[in-house]
Amino acid sequence: VRFQHEVYPEHTSQASRQVVLVSELEIRDKLESSQMNKFLYQYVSESRPKQSHAHMIVVKAVHVRPDPKLRAQECHLRVSLLPLRLNIDQDSLIFLISFFTELGGTASNTDEVAPSSKHNTPTHQPPVMTVSDGCYEPETLEQVSQQSFSDNLLQLTEEDVLAMKQNEAVNINNTVNEDCSPIYFRIVRFVPDVPIRLDYVGKRVDMTHGPLTGLLLGLGHLNCSELRLKSLHNRNGLLGVEKLISYCLQEWLEDIKNNQLPSLLGGVGPMHSLVQLFQGIKDLFWLPIEQYQKDGRIVRGLQRGANSFTKSTLMAALELTSRIIHLVLITAETAYDMMSPGPSVKRIRHTQPQDFREGVAKAYMLVKEGLGETADNLVRVASHEREQKGYSGAVGGVLRQIPPTIVKPIIIASEATNKVLGGVRSQLVPDIKREAIEKWKSDEG
């Protein structure tokens, strides 16, 4: 992170300049129940390679003096971002919603408590009139009048001093209020457009946030959804950071609602795979036409179209197959937990093989370890029951283990198939391995 602050002379039109440069920013998901590794980071792919000297966040602010005779200043703000990647787990999203809701409630409660004024009108003691029974002598009357004059003069002097202190305090407060007044953003620019790749994983239906929200959060699943924060250019002026943030959010949400819902819904469930499939079919016919219009080499266009169609179709088929097998795996694990009298089956974290060879090797190790664990479990249960109840107990223990033992090979086969398919995908698209490492927590993590 680099920060630069420049102050210019008072006779110039520019008062100061601030520059903030952030080379790289990552937010890691450390929630124990979350499956995600990185919550937010820079989006890098084969089509968007990482630039070595580019900054992820650039903020430039120039404070100018519209009138040199006044202390008021205006700010010209420019913000730039590189493409972002968001991996959101349901538990992390609920935690963030609860955190910011409580934070906003605490801030509003603090604002409701009005501070007591320090500049109250001074109170004076009401005059007291006394009546004496006797009469004063001339000397005594003169002494009393002198004492009363001195007391009145002292009281007037105290009031003058108090009034002077109040005036000084008001002047100081006016100066402080001028310094602490909200920043007036005369010109705000957010350029260029920022693409965002969004993944979301829902786990369970939670009705604490309402029925509709609970269903959307629990059943929703986004894979490679595309969003875009459009460029903003405001010359009307915005007073304060809160109005600046409100303006940006309102513009972006309105643009997403009106223009980007198809790209957002393109990642719901298996839609991304279907979009890939149709994209491959489109490239098969469109790329030859585009290449012919460009330089007349229709054979080159046919090659490009065939390669894109083959790659897109194969990736879509692999992804759809992986989803079906993952669904079978979850169903088998649930059935195993319901039928097994022992502990729940161990969930395997998402680990992406580097290539087809590594995928086959991991699949072989999973099958070998799974079958060995199942056999050892049967022998252990039979031995334990035989020691407790004899041969009849051993037979009963083995019979009780038959239902989960039948389901366990389905779990092993599903996990092994996922490893092989993951290796094939990594072999075809090397970016998938890197994305999996950044997205999912590993076995060690």
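This section describes the strand pairing around β6 and the largest cavity in a predicted model. Residues are numbered from 1 along each chain as its sequence is written, and side-chain values use heavy atoms, with hydrogens and water left out. Because the model is predicted, local features need pLDDT of at least 70 and side-chain atom pairs count only at pLDDT 80 or more, whereas totals for chains, interfaces and linings use all residues.

Helices (H or I, at least four residues) and strands (E, at least two) are DSSP runs numbered from the N terminus, and two strands pair if DSSP finds at least two bridges between them. Strand β6 (residues 74–81) pairs with β5 (residues 57–64) in the antiparallel sense over 8 bridges; within this pair, S80 of β6 stands opposite V58. Strand β6 also runs parallel to β8 (residues 184–190), to which 5 bridges join it. V79 has F190 of β8 as its bridge partner.

A search of the whole structure for cavities (sets of points on a 1 Å grid over the protein atoms alone where a 1.4 Å probe fits but cannot get out) finds 1 of 30 Å³ or more. The volume of the largest cavity, taken as the space filled by probe spheres set on the points, with grid points joined across faces, edges and corners, is about 30 Å³. Its lining, meaning residues with an atom within 4 Å of a point, consists of Y41, Q42, Y43, V44, R85, R434, E435 and E438. Both β4 (38–42) and α11 (431–439) supply at least two lining residues, and the largest share, 3 residues, comes from α11. The lining divides into 3 nonpolar, 1 polar and 4 charged residues, where Ala, Val, Leu, Ile, Met, Phe, Trp, Tyr, Cys and Pro count as nonpolar, Asp, Glu, Lys and Arg as charged, and the others, Gly among them, as polar.

Methods:
1 Å grid on protein atoms, 1.4 Å probe; cavity = no way out; pocket = protein on both sides within 12 Å on 5 of 7 lines; lining within 4 Å.
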